[in-house]
Amino acid sequence: MQRVLRSTMFPSLTRMENTRLGWSPGSWRTKEAAQQVDYADEEHLQTVLNAIRRQPPLVTSWEIEALRKQLREAAAGRRFLLQGGDCAESFEDCQEELIKNRLKILLQMSVVLIYSLQMPVVRVGRFAGQYAKPRSKSLETRNGMSLPSYRGDNINDLEFTPEARIPDPERLMEAYRYSAIQLNFVRALADGKFADIHNADYWGLGFAQQSPHIKSYQTIIGKIREALRFAETVADDPIGGLNRVDFFTSHEALHLPYEEAFTRQVPHSDSIYNLSTHLPWIGKRTLFKGSAHIEYMRGIRNPIGIKVSAEMAPSDLVPLLRNLNPLNDPGRITMITRMGVAKIENALPGLIDAVQRAGLNALWCCDPMHGNTETASGGIKTRRFDNILAELETAMDIHTSMKSILGGVHFELTGEDVTECVGGASDVGEADLNLRYRSTVDPRLNVGQSLEMALRIAQKYQALEQV
Ligand code: PEP
Ligand code: CO
């Protein structure tokens, strides 16, 4: 008989306990599932899902356990979470340069944070599976014609034609394959010379060289290099472990039949994991009382994220945390607050207070993107650098004043020189938005704005430390 290990350090409910509580990988089907897809041919969907079930998983249970441990440290203020990537990935963007550039900007940002916050960073990409998108409107209308909204590349096509917008189950298998291709490359880069801090010069992105902040970044790299040289001279040996980094993956676990197909028992463990990603999260639109997404997430062993908006009542958050984390493990839930600069001051303190009073353990992370989306004069969706930064700084102030820990940040960003968010030192204006706007859903920070954001977080953090 196989020995089943139950970790006492990282407790979670066992399969038996979950069963007693009425959970199974498919128990979400008894609840209200918002934002789900109507496929014309249910049998076709089942055939694809069955084929996915037979495929190897995208991630492993031990990677998931490693992330859970790191998030537990972040909740305690001993590590910092940097989560970032596209709003919506597209199949078309599974390209060598785009993937490398995204890793480079995440590496650059994490070096700034490690150096300035003096703690390790856990890097979590919004990639290798961030395909399904929730939509506020189920129809999109252009020139008098209404079609089903684009719901992400794993569901339908962005092109505005009736055929393109029909949900196609084959896209789920394609999403799985693109995720695997991307992950394969990310794993190779993370483990090789690419991510070695000694090679930090290679992470420079050509178009970021004009950024007014490049000097501050280069100063940090210079200081790190000096410290390394000194330590390696004293030790008379290269310092080990610097040549590789971890990149974890995350996506919104929106498409529940797809997620269920990756929900598996692993040998030597009594827990059930979602092996499509390390960190699945529940988006704002599916985080309501009685939701199928909450029911699904309740029983899996992965660390999970929940998007907490300004509309979330403290009296709803507390039972939700208890339901999702009955053993109160600090590494289990990341509360990703996304309130908007105009609302955070009113909304966040009450939530922190309620969580503190209830004695609940979880990691606080700030997503300053999703509450700050606006429509620019030309009708394009954008976000202002200043509003993003202001929400983040306000979150840091509020947590500090309440003796709470802000243990992470969450951005929509890219390693490219896009013009989607306005502002920042390189000063993208509203008139520039049309120049290089490539996002299919929400506007992302470009490479210069992302690096600047990391430097501004570092500055603010250091200022708060000195108070
Ligand atoms: C997102 O992260 O892209 C998103 C849709 O976020 P939210 O659920 O917070 O609106
Ligand atoms: Co988004």
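Reader: How many residues does the largest nonpolar core have, and which have the most contacts inside it?
Author: In soluble globular proteins, nonpolar side chains tend to be buried together. In this predicted model, the largest nonpolar core (buried Ala, Val, Leu, Ile, Met, Phe, Trp, Tyr and Cys residues joined through side-chain atoms within 4.5 Å; buried is under 20% relative accessible area, exposed over 50%, partly exposed in between, with a 1.4 Å probe and protein chains only) has 114 residues, and those with the most contacts inside it are Phe-247, Ile-306, Leu-317, Met-335, Trp-364, Phe-411 and Leu-445. Helix 4, residues 96-117, contributes the most to this core, with 10 residues (helices are DSSP runs of H or I, at least four residues, and strands of E, at least two, numbered from the N terminus).

Reader: Which residues is Met-335 in contact with, beyond its neighbours within four places in sequence?
Author: Met-335 is in contact (heavy atoms within 4.5 Å) with Ile-306, Val-308, Leu-317, Leu-321, Val-355, Ala-362, Leu-363, Trp-364 and Cys-365.

Reader: How are the rings of Phe-127 and Phe-247 placed?
Author: A pair of aromatic rings is described by the distance of the centres and the angle of the planes. The structure holds five aromatic pairs (centres of Phe, Tyr or six-membered Trp rings within 6.5 Å; planes under 30 degrees apart are stacked, over 60 edge-to-face, the rest tilted). The centres of Phe-127 and Phe-247 are 6.4 Å apart and their planes at 50°, so the pair is tilted. Phe-127 lies in the loop between strand 2 (121-126) and strand 3 (139-142) and Phe-247 in strand 5 (residues 247-252), so the pair ties together parts 120 residues apart in sequence. Both Phe-127 and Phe-247 are buried.

Reader: What are the ground rules for reading these values?
Author: Residues are numbered from 1 along each chain as its sequence is written, while chains are lettered from A and ligands numbered from 1 in the order in which they are written. In this predicted model local features need pLDDT of at least 70, side-chain atom pairs count only at pLDDT 80 or more, and totals for chains, interfaces and linings use all residues, with side-chain values using heavy atoms and leaving out hydrogens and water.
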